[in-house]
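Here are a few worked exercises to try with the viewer open. Have a go at each task before you read its solution.

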Amino acid sequence: MHTIEADYLVVGAGAMGMAFVDTLVSETDARVVLVDRNHQPGGHWNMAYPFVRLHQPSAFYGVNSLRLGSDSIDQFGWNQGLYELATAGEVCAYYDHVMRRQLLASGRVSYFPMSEYRGQDGGDGRFTTLAGSDHTVSVARRIVDATYMHVTVPAMRPAPYAVAPGITCVPPNDLPKLGAHQRYVIVGAGKTGIDTCLWLLGQGVAPDRLTWIMPRDSWLLDRATMQPGPLFAEKIKAGFIAQLRAINDAASVDDLFSRLEDAGSVLRIDPAIRPTMYRCATVTRAELEQLRRIGDVVRKGHLLRVDADQMVLEDGAVARDGDALFIDCTADGAEKRPATSIFDAGRITLQSVRGCQQIFSAALIAHVEAAYADDRVKNGLCVPLPHPDTDVDWLRLALADYSNQLRWLDDPDLTAWLSAARLDLFGHLVGHLLPPASAKPRVRDRLLSIAKSVFSATATKLDQLLSEQSSLAAP
């Protein structure tokens, strides 16, 4: 048994674990042991399908201390005119670079890939390497759980429905390896399903050869409204103000979504179908046009099984036609995990504290751990937000985001840190309404006061709409 002394033991070298360790190493002199079951950092990116790209600009992803990509604008394709989206290969190479050139180079990080943490067996601080060597970490400060969000991609588990013999059902990872099929059935309407539909269409597969099993329609976000830099500043400012106005003027949740859609804040695939799902997926207008080309969309709930001659779904059966390849896109990459205290005695459990921004959240949690002493203060600043699933969750996340932003604006030191955090997408959008750091103190204080008043009124209205919605839903 080998014993290692460290200030922190971080379990999981995925995107959240890497963002946390990067900020911790940048802002403290802490010694860190990082344990992960994969052969290289990056977590689920190591199992991602080869054609996946980020759904947000590369500028908002990775770790705080190192830019991902080159901040270039795509010159062709369905993301044309917007900031680049890193591929899976680029993300994995980036995390490998961060690990080797920054974290390990600091001399304060010890990294153990291909290792299994034994904490779940009651052995806090224990892990076993691929070679079978047992290690115990003597932790001076905290054990950090960077696996709690439980990110799962299709390649990590079998399809959750039965498939009759002779029918091929594969994860998206296998799609580029297979020959042409008469028909493709895409199972799942989340980000992975969207990516798979767009990839097939991008390869020239005619839309009438696609069947899309869509258990629920989803509200989508327009990627053009979440771009960094001055090039998009005026458009983003106008869009953000339009969102605030939609919330303020809404008479109900349904009315709010109508106003948000009119403002371009949310999109839907079929104008005739009212979405009931929201999972933070983004598309461009060009991608939305492509998705709308798919005419055979099956809206009969979740797929239960695939028989020799039919697909059986929750709300009925549909005939199965021809040499169909089934592509399973149903893994829950953003599971709605129950919220738990982030800072606890001897432990940190990484979770989102900003809606759909897990990576930024991990960096912020690391900064709060480094800069504040009292766990009550830390937990007050870092209120966990479960991932969204339903349309109403859009309101819950927006309410939490505005409420958290108000807490953070009341702390000048934290506000200063946020202004320099490149991972903070929502903060970048909000920043268009806040005074610049160069503003005179009196002007800045007055504008900050106005911004706080606006955010407070917005949070109050969102809370009112949610209360009214709960009353309507009550038996």
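**Exercise 1. Find the salt-bridge partner of Asp296 and work out which parts of the chain the pair links.**

Step 1: Get the criterion straight: a salt bridge here is a side-chain nitrogen of Lys or Arg within 4 Å of a carboxyl oxygen of Asp or Glu.

Step 2: Check the pair. Asp296 and Arg183 meet through their side chains at 3.3 Å, N to O.

Step 3: Place both ends. Asp296 sits in strand E13 (residues 296-298) and Arg183 in strand E9 (residues 183-187), 113 residues apart. Strands (E, at least two residues) and helices (H or I, at least four) are DSSP runs, numbered from the N terminus.

Step 4: Look at the cover. Buried means under 20% relative accessible area, exposed over 50%, and partly exposed in between, using a 1.4 Å probe and protein chains only. Arg183 is buried at 14%, while Asp296 is partly exposed at 33%.

One caveat before going on: this is a predicted model, where local features need pLDDT of at least 70, side-chain atom pairs count only at pLDDT 80 or more, and totals for chains, interfaces and linings use all residues. Residues are numbered from 1 along each chain as its sequence is written, and side-chain values use heavy atoms, with hydrogens and water left out.

**Exercise 2. Do the same for Asp7 and Asp389, then get the total count of salt bridges.**

Step 1: Asp7 pairs with Arg141, with 3.7 Å between the closest N and O atoms. Asp7 belongs to strand E1 (residues 2-11) and Arg141 to strand E6 (residues 134-145), so the bridge ties together parts 134 residues apart in sequence. Asp7 is buried at 9%, whereas Arg141 is partly exposed at 40%.

Step 2: Asp389 meets Arg216 at 2.8 Å, N to O. Here Asp389 lies in the loop between helix H8 (375-381) and helix H9 (392-409), and Arg216 in the loop between strand E10 (210-213) and E11, so parts 173 residues apart are tied together. Asp389 is partly exposed at 23%, and Arg216 is partly exposed at 24%.

Step 3: The rule gives 29 salt bridges. Some join up: Arg142, Glu369, Asp375 and Lys378 are linked in a network.

**Exercise 3. Which cysteines form a disulfide, and why is Cys92 not bonded to Cys329?**

Step 1: Apply the cut-off, a pair of cysteine sulfur atoms within 2.5 Å. That gives one disulfide.

Step 2: The partners are Cys280 and Cys356, with sulfurs 1.5 Å apart. Cys280 is in strand E12 (residues 277-283) and Cys356 in the loop between strand E19 (347-349) and helix H7 (358-371), 76 residues apart.

Step 3: Rule out the others. For Cys92 the closest cysteine sulfur is in Cys329 at 19 Å, too far for a bond. Cys169 also has Cys329 as its closest, at 9.1 Å, which is again too far.

**Exercise 4. Is E12 mostly covered or exposed, and which strand pairs with E12 in the parallel sense?**

Step 1: E12 is mostly covered, with seven of its seven residues buried. Met277, Arg279, Ala281 and Val283 point one way, and Tyr278, Cys280 and Thr282 the other. Side chains in a regular strand alternate between the two faces of the sheet.

Step 2: Strands pair if DSSP finds at least two bridges between them. Strand E11 (residues 218-222) pairs with E12 in the parallel sense over four bridges, and Trp219 stands opposite Tyr278.
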